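Welcome! Here are a few short exercises to work through with the sequence and the 3D view side by side. Try each task before you read its solution.

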Amino acid sequence: MAVEKGKGTNVSDIEGEDDMDEEPGEVIESAPPLQVGEERVLGSSGIKKKLLKMGVSWETPDFGDEVTVNYVGTLLDGKKFCSTRDSDEPLTFKLGEGQVAKGLDHGIITMKKGECALFTLPPDFGYGAEGRDGVPPDSVIQFEVELLSWITVVDICKDGGIIKKIMEKGQRNERPSDLDEVLVKYQVTLVDGTIVAKTPEEGIEFYVKDGHLCSALTKAIVTMTKGEKVKLIVQPKYAFGEKGRVDVATCGLPAVPPNSVLNIKLELVSFKSVIDVTGDSKVFKKILKEGEGAFVANEGAVVTISYTARLEDGTIFEKKGVDGGHPLEFITDEEQVIPGLDRAAATMKKGERALLTISPEYGFGSDVAERDLAVVPPCSNLVYEVEMWDFITEKAPWELNSQEKIDAAGKKKEEGNILFRSGKYQRAGKKYDEAVDYVSEDQPFGDDENKLVKALRISCWLNGAACSLKLNDFQGAIKLCSKVLEFEFHNVKALYRRAQAFMETSDLVSADLDIKNALEADPQNREVKLLQKTLRQLQFESNKRDVKLFSNMFAKMSKDSSVPMKKLKVEKAEHEKSEEVLPVETRCAADSPEMSEDRMAVDWS
């Protein structure tokens, strides 16, 4: 049936009117559901809706969707002026364009599939002052509507270049990302129906980031869910553009003429999630089989895995837990296996099976590695097919009693100390952070435990600050030392390490204040005095730069500034003589080997 259009019926014509400050459907969404026989006004529009038959599900169409309806239009006296039921041919049209009557679209977006409703439209939302055949001017009209179905329509790029019509909804809510491997089926036709591309019956697999066929395909795929079927209308800019495509002789497919619009039937059969484990594209995990539950092994877990490890050419160099062999058990984040396998295992669920691609930096590096079944050459990319059999995670702080929390914090601190001594400052810092989590301020402790807890917390913050200094994370060191000083404002170690960080960030004023406070608390502290000498040298160098800067500024201001400049030079010379020139230390005192056992060193206790 042809679409019946009244004059001035575009929905956009009413969006600026004062009585349409809100969408008519908004009140319905927030109000209790209508009961059969009940009538309600939709928003402030004056449109009335009377429910005649309940629909199914909870979803409703939106503007832009293609709806299929049966309707009967009547005047208030019952006189019929249009009907789809007379021809037994439902009408399909796009919501938002006012193709039947502009107010009717606003009623339909409140309906569920299978629902029947009677809408009463005031003249402004019907056919207005002009009317139409069978409808006098300024008439209130009614539409009895049955919503049979609708197709969700999405403008993927928001420019009309790729229009997606969802023919069949997919499963679950997850969508593929650029890294994922997808399995799709599609058929591509020109407007005249000529098939120009088609997948085999079993479909075709590819990585989204690698692209396939044309840009529209991948742009659409990342908006789809598993099992979803769509129809795409693709404009030339997202298809083959001005050049088109030549014949694909090997496939027997015809050419695509320049500036061709494509119609694509597309199904996302399935996809395998690919995760960038390390965030630098050097360890990828492709999930071959989803694991159980919501929890992953995480760092510090005791994991049991099986795997087959290969080189890129397919050479197997190691097997664990396959062909009757024993599985591998290890603790994550303890450097018991290569870093890539360690990091990936910490992201896996129980029962998960995954394919890991590991770059040399996270494998065996530039070393030759002799493994059970073959030798791994230097700088080799590795492929591991891994299955997570089981894991036991560390108990969270909230699962422990007070004494267990204190014991766990002490253990983590000691692990951090061992790592610090080995020069593994990043991992040591993480251990200190974990220790603090067990004895954090929001954890309940008894009065007799608070003193020990406070000491543990402060010790870990100080040691963490030492790690930050070693890693050149000076803002991190400042933050941790400041936490200590909130509890002990004259803690010499905290003042000392924060002063070091301030000096590295050229905040000499703050460094000077911290050093003075440290010497006030401990006037004979040798390390602080040495740091003060280094600070004085830095201040002297800073002053010299300032003098030079201002001298240049004054010289440019006026040629008559010779007298003030001479005076400035004399003062500068006197200042240089009065200062004892100290050598600039390349690193702060706490980084020197001889400082490892002094009062400013890491707390090993």
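**Exercise 1.** With which residue does Arg-498 form a salt bridge? Then classify both partners as buried or exposed.

*Solution.* Keep in mind that this is a predicted model.
- Step 1: The partner of Arg-498 is Asp-514, and their closest N and O atoms are 2.8 Å apart.
- Step 2: The pair links distant parts of the chain, with Arg-498 in helix 9 and Asp-514 in helix 10, 16 residues apart.
- Step 3: Buried means under 20% relative accessible area. Arg-498 has 17% relative accessibility, so this residue counts as buried. Asp-514 has 3%, so this residue counts as buried too.

**Exercise 2.** Find the salt-bridge partner of Asp-372, and work out which class of exposure each residue of the pair belongs to.

*Solution.*
- Step 1: Asp-372 forms a salt bridge with Lys-320, the closest N and O atoms being 3.7 Å apart.
- Step 2: This pair also links distant parts of the chain: Asp-372 sits in the loop between strand 20 and strand 21, while Lys-320 belongs to strand 17, 52 residues apart.
- Step 3: Exposed means over 50% relative accessible area, and partly exposed lies between the buried and exposed limits. Asp-372 is exposed because its relative accessible area is 53%. Lys-320, at 24%, counts as partly exposed.

**Exercise 3.** Sort the residues of strand 19 (residues 353-358) into a covered and an uncovered face, then find the strands that pair with strand 19.

*Solution.*
- Step 1: In a regular strand the side chains alternate between the two faces of the sheet.
- Step 2: Ala-354, Leu-356 and Ile-358 make up the covered face of strand 19, and Arg-353, Leu-355 and Thr-357 the uncovered one.
- Step 3: Strand 15 runs antiparallel to strand 19 and is joined to it by six bridges. Here, Phe-284 has Thr-357 as its bridge partner.
- Step 4: Strand 22 also pairs with strand 19 in the antiparallel sense, over six bridges. Here, Arg-353 has Glu-387 as its bridge partner.

**Exercise 4.** How many residues does helix 6 have, and which elements help to cover its buried residues?

*Solution.*
- Step 1: Helix 6 (residues 425-438) has 14 residues and reaches 20 Å from its first C-alpha to its last, close to the expected 20 Å.
- Step 2: Its buried residues include Ala-428, Tyr-432 and Val-436.
- Step 3: Among the elements that cover the buried residues of helix 6 are helix 5 and helix 7.

How values were computed
Residues are numbered from 1 along each chain as its sequence is written. This is a predicted model: local features need pLDDT of at least 70, side-chain atom pairs count only at pLDDT 80 or more; totals for chains, interfaces and linings use all residues. Side-chain values use heavy atoms; hydrogens and water are left out. Buried means under 20% relative accessible area, exposed over 50%, partly exposed in between (1.4 Å probe, protein chains only). Helices (H or I, at least four residues) and strands (E, at least two) are DSSP runs, numbered from the N terminus. Two strands pair if DSSP finds at least two bridges between them. The expected span of a helix is 1.5 Å times one less than its number of residues. Contact means heavy atoms within 4.5 Å. A salt bridge is a side-chain nitrogen of Lys or Arg within 4 Å of a carboxyl oxygen of Asp or Glu.
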